[in-house]
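Here are some notes for a colleague who is coming to this structure without having seen it before. Please keep the sequence and the model side by side while reading the points below.

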Amino acid sequence: MAVFVSQSPEQTIEFGERYAKKLNKNDVVILNGEMGAGKTVFCKGVARGLGITEEILSPTYAYMNDYGGKLFHFDCYRLKNGGQAEALGLCDYFYAGGVCVVEWAENIKEVLPANCKTVTIRKTAEGREIIYD
């Protein structure tokens, strides 16, 4: 595991952009952090790194936002289990050729692919600590 400390939303976006360069098609990134930690800000950087120019919004009410098949941004906060994710067809996107970034992945852990990457964002006195593999 490695750690990056971000002092601003802009630095978090820039880090997400660099992190995206290490990702491949069908990679699934579990994005951990409390509400307001900066998960969607990080995802904006990943999108930029994947060449996506449209605005990245939190998918809280949609469950998943599809950005041209390159990025699938999930918010599983309102899901109770993996069965609900399967019933909504969300699991199909893990193998659809894009990068999946999954917030609140613990709610659907039983249906996640085995080889997920993990990024954790925590608020600290120094800024946002981003722990990643």
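1. Charge. This is a predicted model, and a first point concerns its charges: the protein has 15 positive and 17 negative charges, and the mean positions of these two sets are 2 Å apart.

2. Overall make-up. The protein contains 3 helices and 7 strands, and when these are read along the sequence they follow the order β-α-β-α-β-β-α-β-β-β. The radius of gyration is 14 Å, close to the 14 Å that the globule rule gives for 133 residues, so the protein is as compact as a globular protein of that length. Its C-alpha trace spans about 40 × 30 × 25 Å along the principal axes.

3. Burial and surface. Of the 133 residues in the protein, 47% are buried, while the area that the protein exposes comes to about 6,800 Å², with carbon and sulfur atoms supplying 49% of that area.

4. Contacts along the chain. If one takes the contacts between residues at least 6 apart in sequence, 64% of them join residues that are at least 24 apart.

5. The largest nonpolar core. In soluble globular proteins, nonpolar side chains tend to be buried together. Here the largest nonpolar core has 22 residues, and the members that touch the most other members are Y19, F42, L71, V101 and V119. At least two residues of this core come from each of helix 1 (9–20), strand 2 (28–32), helix 2 (39–49), strand 5 (99–103), strand 6 (117–124) and strand 7 (127–132), and helix 2 gives the most, with 4 residues.

6. One core member in detail. Leaving aside residues up to four places away in sequence, V101 touches V29, L31, C43, V46, L71, F72, H73 and F74.

7. A second core. Separate from the largest core, there is a second one of 19 residues, and its members include V28, I30, C76 and C91.

8. Helix 2. Is this helix mostly covered or mostly open? Helix 2 is mostly covered, with 8 of its 11 residues buried; these buried residues are K39, T40, F42, C43, G45, V46, A47 and G49. Among the elements that cover them are helix 1, strand 2, strand 4 (71–75), strand 5 and strand 6. Just after helix 2, G51 takes a positive phi of about 85°.

Notes. Residues numbered from 1 in each chain as written. Predicted model: local features only at pLDDT ≥ 70, side-chain atom pairs only at ≥ 80, totals over all residues. Heavy atoms only, no water. Rg over C-alpha atoms; globule rule 2.2 N^0.38 Å. Buried < 20%, exposed > 50% of the residue type's maximum accessible area, 1.4 Å probe, protein only. Contact = heavy atoms within 4.5 Å. Areas by Shrake-Rupley, 256 points an atom, 1.4 Å probe, with all protein chains shown as cover. Lys, Arg positive; Asp, Glu negative; His and termini not counted. Charge placed at Lys NZ, Arg CZ, Asp CG, Glu CD. Core = buried A, V, L, I, M, F, W, Y, C linked by side-chain atoms within 4.5 Å.
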